[in-house]
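Open the model in your viewer and keep the selection tool ready. The tour moves from one selection to the next and says what is there.

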Amino acid sequence: MVFDERETKQFQNEVAYKIFNSMVRRYPFSHSQTEDFLPKQIIDLILNNWPNDDEFISNLDAGIVTTKNKDADHAYNFRYQLLISEQDDLQRIKDKKYEIWEYFARFLRSPQIIEAFLSLYAPIIFKRLGIKDLKTLYDNYKIFPRINLIHDRTNYALGPHTDNPQKLVVFLIYFENDLRDDENVSMGTSVYVPNQRGFKCEKGTHYPNKYFYKVFSADFKRNNMFSFCRTDTSFHGVEKVGDNPVERKLLQWSLYAVPNEG
C-alpha cells in the first residue's frame, strides 16, 4: 500500500478543503485556480515516478485526433496521454510505478473530491441540467470521472472549444515544464471570449483563435490547479507550446454525467 487508510483520508480531506474554499471567477464562465493543490507527499511521489515516454499514447494513435493521411505534424498530435482511470491504459505503466499511479487514480475518484467539485459549481450545474439538488443529480445520472495523464511536446496547441457536452466539471493539475518562471503565464489553459457577442457551442467544436479574444491563462507551475464548469460558453484552449523544445506534464480530470436509462 502506498499510503495507509488514515493518511489517504487525511489527504483527500485536505484536497476537498481546498476545492470547497476556492475562489470562483464568474466571467466569461465559471472557473477557478488554486495553488499547492495536492499534499506535498503525493505531488513528490507522482513526479518521482512519472511514466516512461514509451508508456504514453499519442493522440493520433489513440484515435483522438483524426487528420487526413494520419498527419503526424498536426498540432493536436503533440499531446501524449494515458487514461489512468481505465485499466488497459493504466497497465501500460510497469513495475512499482503501476502501484503508485493505480493508487493516485483511486485517490482522484474519491467521493470527497467528486462532491467538492459538484458543490463548488452546483448553481451552474443545476441550472444547466434543470435540477434542484445533488440527490436529483445522482438519481437521474451516472456520475464518473475520466482521468488523463498528459505529456505535451513542442508545437502542441488546442483551439477554443467548450468541451464534450456530457462533461460537468474539468480540472487540470500542472506538474512540470521546461520554461523559466517568467514564461509560465501563457502556458496553462486559456480562457476565451467570442468575437461574436452571445455566441454559444453545444457540441464542443474546436474553432480558430482568430474568432476569439484570450482574456486569461492559468499559470503553468508545479501543483497549480485550474478548474471550470462546462457550459455552452466555456470556451477554453491551449496556446502553442512554442518553437523551442518544450515539454509540459499535467493531469486532466473530467467529471461526466450520463443520463440513466429508463
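Helices (H or I, at least four residues) and strands (E, at least two) are DSSP runs, numbered from the N terminus. This is a predicted model, where local features need pLDDT of at least 70 and side-chain atom pairs count only at pLDDT 80 or more, while totals for chains, interfaces and linings use all residues. Residues are numbered from 1 along each chain as its sequence is written, and side-chain values use heavy atoms, with hydrogens and water left out.

**Stop 1: a loop residue**

Select Lys132. Lys132 sits in the loop between helix 7 and helix 8 (134-140). Is Lys132 buried or exposed? Three classes apply: buried means under 20% relative accessible area, exposed over 50%, and partly exposed in between (1.4 Å probe, protein chains only). With 68% relative accessibility, Lys132 counts as exposed. Now add Ala122. The two residues are 10 apart along the chain, and their C-alpha atoms are separated by 9.3 Å.

Step back to Gly130. Gly130 follows helix 7 and has a positive phi, near 70°.

**Stop 2: helix 7 against helix 6**

Select residues 122-129, which are helix 7. Ala122, Ile124, Ile125 and Phe126 are buried there. Add residues 111-120, which are helix 6.

Two packed helices are described by the angle between their axes and the distance between the axes. Axes are lines fitted to C-alpha atoms, for helices over the stretch in contact, and angles run from 0 to 180 degrees between N-to-C directions. Helix 6 and helix 7 pack at about 75°, with axes 5 Å apart. Helix 6 is therefore roughly perpendicular to helix 7. The cut-offs: under 35 degrees is roughly parallel, over 145 roughly antiparallel, 65 to 115 roughly perpendicular, and the rest oblique.

Which residues of helix 6 and helix 7 meet? Leu118, Ser119 and Leu120 in helix 6 meet Ala122, Pro123 and Ile125 in helix 7. Contact means heavy atoms within 4.5 Å. The residues of this contact divide into 5 nonpolar, 1 polar and no charged. Here Ala, Val, Leu, Ile, Met, Phe, Trp, Tyr, Cys and Pro count as nonpolar, Asp, Glu, Lys and Arg as charged, and the others, Gly among them, as polar.

**Stop 3: helix 6 against helix 1**

Keep helix 6 selected. In helix 6, 7 of the 10 residues are buried, so helix 6 is largely enclosed by the rest of the structure. Color the buried ones: Gln112, Ile113, Ile114, Ala116, Phe117, Leu118 and Leu120.

Add helix 1 (residues 5-20). Helix 1 and helix 6 pack at about 5°, with axes 9 Å apart. That makes helix 1 roughly parallel to helix 6. On the helix 1 side, the contact has Lys9, Gln12, Asn13, Val15, Ala16, Ile19 and Phe20. On the helix 6 side are Gln112, Ile113, Glu115, Ala116, Phe117, Ser119 and Leu120. The contact residues divide into 8 nonpolar, 4 polar and 2 charged.

**Stop 4: the cores**

A nonpolar core is a set of buried Ala, Val, Leu, Ile, Met, Phe, Trp, Tyr and Cys residues joined through side-chain atoms within 4.5 Å. Select Leu38, Phe117 and Leu251. Of the 54 residues in the largest nonpolar core, these three touch the most other members. Helix 5 (residues 95-108) gives the most to this core, with 7 residues.

Now look for a second, separate core. This one has 13 residues, including Val170, Val191, Phe216 and Ala218.

**Stop 5: aromatic rings**

Rings of Phe, Tyr and Trp (its six-membered ring) pair if their centres lie within 6.5 Å; planes under 30 degrees apart count as stacked, over 60 as edge-to-face and the rest as tilted. The count comes to 23 aromatic pairs.

Select Phe199 and Tyr207. Their ring centres are 5.4 Å apart and their planes at 85°, so the pair is edge-to-face. Tyr207 also pairs with Phe212, and that pair is tilted: 6.0 Å centre to centre, 50° between the planes. Phe212 is buried, at 7% relative accessibility, while Tyr207 is partly exposed, at 22%.

Next, select Phe3, Phe11, Trp50, Phe56, Trp101, Tyr103, Phe104, Phe107 and Phe175. They form one aromatic cluster.

**Last view: the whole chain**

Zoom out. The chain has 8 helices and 12 strands. Buried residues make up 53% of its 262 residues.
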